[in-house]
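Got your viewer open and a selection box ready? Let's take a walk through this one, stop by stop.

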Amino acid sequence: MSGDVLSQASASAAAPEATPLLETRGLSAGYGQSLVLRDVDLAVGPGQVAVVLGANGAGKTTLMRSLAGLLPFSGDLLVDGQKVGAVRPDRMVGRGISLVPQGRGTMSALSVHDNLRAGAVSRRDKAGVEEDVDRWFTTFPRLAERRDQAAGTLSGGEQQMLAIARALMSRPRLLLCDEISLGLAPRIVQELFETIAQINVEMGTALLLVEQNAALAMKVASYVYLLEVGEVVQHGDAREFEQSDSIRRVYLGY
Ligand SMILES: Nc1ncnc2c1ncn2[C@@H]1O[C@H](COP(=O)(O)OP(=O)(O)OP(=O)(O)O)[C@@H](O)[C@H]1O
């Protein structure tokens, strides 16, 4: 696998006329009295790779949790152009949207294999589930070597691989990735990004990334949203954003 796969994924611009797979209109969310996200509009097309960049505390995790059905919000959330009413995590998974949560969220006492099976809890096709387990063991050989090991004993990088593979077990059309680079060595981060880019290119799985590792995320994304204090302040084509000195300086650090 080579770094070229990042640029192949970044060519994943949605067809302009396509109905977005996921869209928010005026989405606001927070915790109790404290509003964190204000009137967020965003859209991810089928097979597209988009990234949300923002500083610590900008509201990126809050956004991902809202989209995954884990946090109530006001405004509209649409999947395939249809408004989603009562949002629950299992229903979002049922609509093809799966979250790789920040902090990984694997079940530490369960084996690697059982964590993968747990990711397919909504599926009834047992044979297909085992085929997918084999597929992700092929993609992540280190997980295959540790299939009977408790997830809690894996290294940070292996746990992140498991979190990604587990989210893929529901066969999502859109994978929401919340800071998959957090706390990992650069070599592992590069490997993870190449793997998710490969999944995008080969399977057409759309990706919505939330990242502080902006430079790497920009390499794989075709579209960018800039989130500041809970609001989208700018959005646009990733290649055009890379041309902007101020955006490079503030978000990409070069
Ligand atoms: N469970 C919670 N209860 C109350 N406030 C919260 C909760 N979770 C997050 N917040 C607050 O919401 C704001 C946005 O947090 P959020 O985690 O969404 O930001 P972020 O952009 O993901 O930041 P980071 O990059 O540091 O993870 C912060 O001010 C945070 O303190």
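**Stop 1: a glutamate on a helix**

Start by selecting Glu-194, which you'll find in helix H8. Keep in mind as you look around that this is a predicted model. Is Glu-194 buried or exposed? Neither, quite: it has 18 C-beta neighbours inside 10 Å, so Glu-194 counts as partly exposed. Now add Arg-135 to the selection and draw a distance: the C-alpha atoms of Glu-194 and Arg-135 are 16 Å apart, with the two positions 59 residues apart along the chain.

**Stop 2: two domains**

Next, colour the chain by domain. Domain 1 takes in 1–98 + 184–206 + 219–254, while domain 2 is 104–171. Their C-alpha centres sit 24 Å from each other. How many residues does the contact take from each domain? Nine come from domain 1 and eight from domain 2.

Stay on the domain 1 side of that contact. Helix H3 (89–94) and helix H8 (186–203) are the elements that give two or more residues to the side touching domain 2. H8, the helix from the opening stop, gives the most, with four residues. Colour this side by class and you should get five nonpolar, three polar and one charged residues.

**Stop 3: the nonpolar core**

Select Ala-165, Leu-176 and Ala-221. These are the residues with the most contacts inside the largest nonpolar core, which has 74 residues in total. Which helix gives the most to this core? Show helix H7 (residues 156–168): it supplies seven residues. Both domain 1 and domain 2 give residues to the core, so it lies between them. As background, nonpolar side chains tend to be buried together in soluble globular proteins.

Zoom in on Ala-165 and bring up its partners. Leaving out neighbours within four places in sequence, Ala-165 is in contact with Leu-116, Trp-136, Phe-140 and Leu-143.

**Stop 4: around the ligand**

Now for the ligand's surroundings. Select Tyr-31, Ser-34, Val-36, Gly-54, Asn-56, Gly-57, Ala-58, Gly-59, Lys-60, Thr-61, Thr-62 and Gln-212; these are the residues around the ligand. Strand E2 (34–44) and helix H2 (60–67) each supply at least two residues of this shell. Of the elements here, H2 gives the most, with three residues. Recolour by class: three residues are nonpolar, eight are polar and one is charged.

**Stop 5: a four-stranded sheet**

E2 also leads you to the next stop. Follow the strands across in the order E2-E1-E4-E5: these four form an open sheet with antiparallel pairing. What stands at the edges? That would be E2 and strand E5 (82–83), each with a single partner strand, so one side of each is left without a neighbour in the sheet.

Select E4 (residues 74–79) together with E5, and you have an antiparallel pair joined over two bridges. To look at residues facing each other here, pick Leu-78, which stands opposite Lys-83 in E5.

**Last stop: a buried tyrosine**

Finish on Tyr-223, in strand E9 (residues 223–228). This one has 24 C-beta neighbours inside 10 Å, so Tyr-223 counts as buried. Show what surrounds Tyr-223: setting aside residues up to four places away in sequence, Tyr-223 touches Gln-48, Ala-50, Asp-237 and Ala-238. Then add Gly-236, 13 residues from Tyr-223 along the chain; their C-alpha atoms are separated by 5.7 Å.

Key:
Residues are numbered from 1 along each chain as its sequence is written. This is a predicted model: local features need pLDDT of at least 70, side-chain atom pairs count only at pLDDT 80 or more; totals for chains, interfaces and linings use all residues. A nonpolar core is a set of buried Ala, Val, Leu, Ile, Met, Phe, Trp, Tyr and Cys residues joined through C-beta atoms within 7 Å. A residue is buried if 20 or more other C-beta atoms lie within 10 Å of its own, exposed if 12 or fewer, and partly exposed in between; C-beta atoms are placed from the backbone. Domain bounds come from an automatic or database domain assignment. Two residues are in contact if their C-beta atoms, placed from the backbone, lie within 7 Å. A residue is near a molecule or strand if its C-beta atom, placed from the backbone, lies within 6 Å of it. Ala, Val, Leu, Ile, Met, Phe, Trp, Tyr, Cys and Pro count as nonpolar, Asp, Glu, Lys and Arg as charged, and the others, Gly among them, as polar. Two strands pair if DSSP finds at least two bridges between them.
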